[in-house]
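Me: I would like to go through this model with a few direct questions. Please keep the reasoning short.

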Amino acid sequence: MMLMDKKKFAASAVIVLIGFTIANLSAQEEHLFIDNRSFYAAKQRSGVNFPHQKHMIAVDDCMKCHHRYENGRNTLGTDDLAPNNHAIRCPSCHGLSGNSKYNLTEAYHLQCIGCHEERGKNAGPRFCAGCHPRRGARK
């Protein structure tokens, strides 16, 4: 009888964990439009329609994209990843403040293009127009 109780408890724990995971994924924004015109003197490219949900599924560790490095360690925790927390967005460190090794453009390009190249040919766009459609073009 005790073994059955342990199995029921384990099954319940798994169901609860799955529920929390689904709730966390659904709480995140499905699509983001990234347009940081205020950070650039002369903006040449359009903003980016970023399929956040698609990336959350493809990249199983949120900390591969979201980070805040101190002494070579990512100090950002999963509890910080709330949709309304603007401190987790790239411009909070890579913007005009100069608190980072890379400016905003470099940070986006190193992070996004770097990951697409690392993951292979069909992982995602690696050239400008793949993320930044020409003005007036629909993506």
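Reply: This is a predicted model, and the questions below take up one helix, the salt bridges and one asparagine.

Me: What span does helix H4 reach from its first C-alpha to its last?
Reply: H4 covers residues 104-119, which is 16 residues. At 1.5 Å a residue, the expected value is 22 Å. The model comes close to that, with a span of 22 Å.

Me: Why do the buried residues of H4 count as being on the same side?
Reply: The buried residues of H4 are Leu104, Ala107, Tyr108 and His116. Their directions around the axis decide the matter, and they lie on the same side because they cover an arc of only 130 degrees.

Me: Which elements do the buried residues of H4 pack against?
Reply: The residues in question are Leu104, Ala107, Tyr108 and His116. Their packing partners are one strand and two helices. These are strand E1 (32-34), helix H2 (52-58) and helix H3 (91-94).

Me: Which residue has a side-chain oxygen that reaches a backbone nitrogen at the start of H4?
Reply: The backbone nitrogen belongs to threonine 105. A side-chain oxygen comes to within 3.0 Å of that nitrogen. The oxygen is that of asparagine 103.

Me: How many salt bridges does a search of the whole structure find?
Reply: One pairs aspartate 60 with lysine 64, with the closest N and O atoms 3.7 Å apart. Another pairs aspartate 80 with arginine 68, at 3.6 Å. The search of the whole structure gives two.

Me: Is aspartate 60 buried or exposed?
Reply: Its salt-bridge partner, lysine 64, is partly exposed at 45%. Aspartate 60 has a relative accessible area of 65%. The cut-off for exposed is over 50%, so aspartate 60 is exposed.

Me: How many residues apart in sequence are the parts that aspartate 80 and arginine 68 tie together?
Reply: Aspartate 80 forms a salt bridge with arginine 68. Aspartate 80 lies in the loop between strand E4 (73-74) and H3, and arginine 68 in the loop between H2 and strand E3 (69-70), so the pair ties together parts whose separation in sequence is 12 residues.

Me: Which backbone nitrogen does the side chain of asparagine 74 reach?
Reply: Asparagine 74 sits in strand E4. Its side chain reaches the backbone oxygen of histidine 66 at 3.3 Å. At 3.0 Å, the side chain of asparagine 74 also reaches a backbone nitrogen, that of leucine 76.

Terms used: Residues are numbered from 1 along each chain as its sequence is written. This is a predicted model: local features need pLDDT of at least 70, side-chain atom pairs count only at pLDDT 80 or more; totals for chains, interfaces and linings use all residues. Side-chain values use heavy atoms; hydrogens and water are left out. Helices (H or I, at least four residues) and strands (E, at least two) are DSSP runs, numbered from the N terminus. The expected span of a helix is 1.5 Å times one less than its number of residues. Buried means under 20% relative accessible area, exposed over 50%, partly exposed in between (1.4 Å probe, protein chains only). The arc is that of the directions from the helix axis to the C-beta atoms. Contact means heavy atoms within 4.5 Å. A polar contact is a pair of N or O atoms within 3.5 Å; within protein, one must be able to donate a hydrogen and the other to accept it, and residues adjacent in sequence count only if both atoms are side-chain atoms. A salt bridge is a side-chain nitrogen of Lys or Arg within 4 Å of a carboxyl oxygen of Asp or Glu.
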